[in-house]
Amino acid sequence: MPKPKSFTAWLKTQTDRESGIGDIARDVAADPDWPSRKGRAGQRAYLEECGAIPAAIEMFEEAWVRYEAYRAALGDA
């Protein structure tokens, strides 16, 4: 079974989506300061510290839900 990607690596695979998740994926891909290794709480705090709008925070949380589904599909939940 393949090892699941990290959240950031998975999110960067979503950049072609025409959706809120695609928007946040493109923002993360373009942000050299994105805290890849900080986990969900650290990444959310980073977005909040950067002044992200509530819709961006909501899309970040939705992305995590989809990421967790991706991991579960690989048997890594």
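**Exercise 1. Decide whether Gln43 is buried or exposed, and find what surrounds this residue.**

Step 1. Look at the accessible area: Gln43 has a relative accessible area of 1%, so this residue is buried (buried means under 20% relative accessible area, exposed over 50%, partly exposed in between, with a 1.4 Å probe and protein chains only). Bear in mind that this is a predicted model, where local features need pLDDT of at least 70, side-chain atom pairs count only at pLDDT 80 or more, and totals for chains, interfaces and linings use all residues. Residues are numbered from 1 along each chain as its sequence is written, and side-chain values use heavy atoms, with hydrogens and water left out.

Step 2. Now list the neighbours. Leaving aside those within four places in sequence, Gln43 is in contact with Phe7, Thr8, Trp34, Pro35, Ser36, Lys38, Phe60 and Trp64 (contact means heavy atoms within 4.5 Å).

Step 3. Pick out the polar partner: the side chains of Gln43 and Thr8 are joined by a polar contact of 3.5 Å (a pair of N or O atoms within 3.5 Å; within protein, one must be able to donate a hydrogen and the other to accept it, and residues adjacent in sequence count only if both atoms are side-chain atoms).

**Exercise 2. Work out how helix H3 is oriented.**

Step 1. Place the residue: Gln43 lies in helix H3 (helices are DSSP runs of H or I, at least four residues, numbered from the N terminus).

Step 2. Collect the buried residues of H3 (residues 39-49), which are Gln43, Tyr46 and Leu47. Seen down the axis of H3, they fall within an arc of 100°, so they line one face of the helix (the arc is that of the directions from the helix axis to the C-beta atoms).

Step 3. Check both sides. The buried residues pack against helix H1 (7-12), helix H2 (20-30) and helix H4 (54-73), while the face turned away from the buried side carries the exposed Ala41 and Glu49.

Step 4. Move past the end of the helix: just after H3, Gly51 takes a positive phi of about 80°.

**Exercise 3. Find which helix gives the most to the lining of the largest pocket.**

Step 1. H2, H3 and H4 each supply at least two lining residues.

Step 2. H2 gives the most, with five residues.

**Exercise 4. Describe where Ala72 sits.**

Step 1. Ala72 is found in helix H4 and is partly exposed, with a relative accessible area of 42%.

Step 2. Its C-alpha atom and that of Ile24, 48 residues apart along the chain, are separated by 22 Å.
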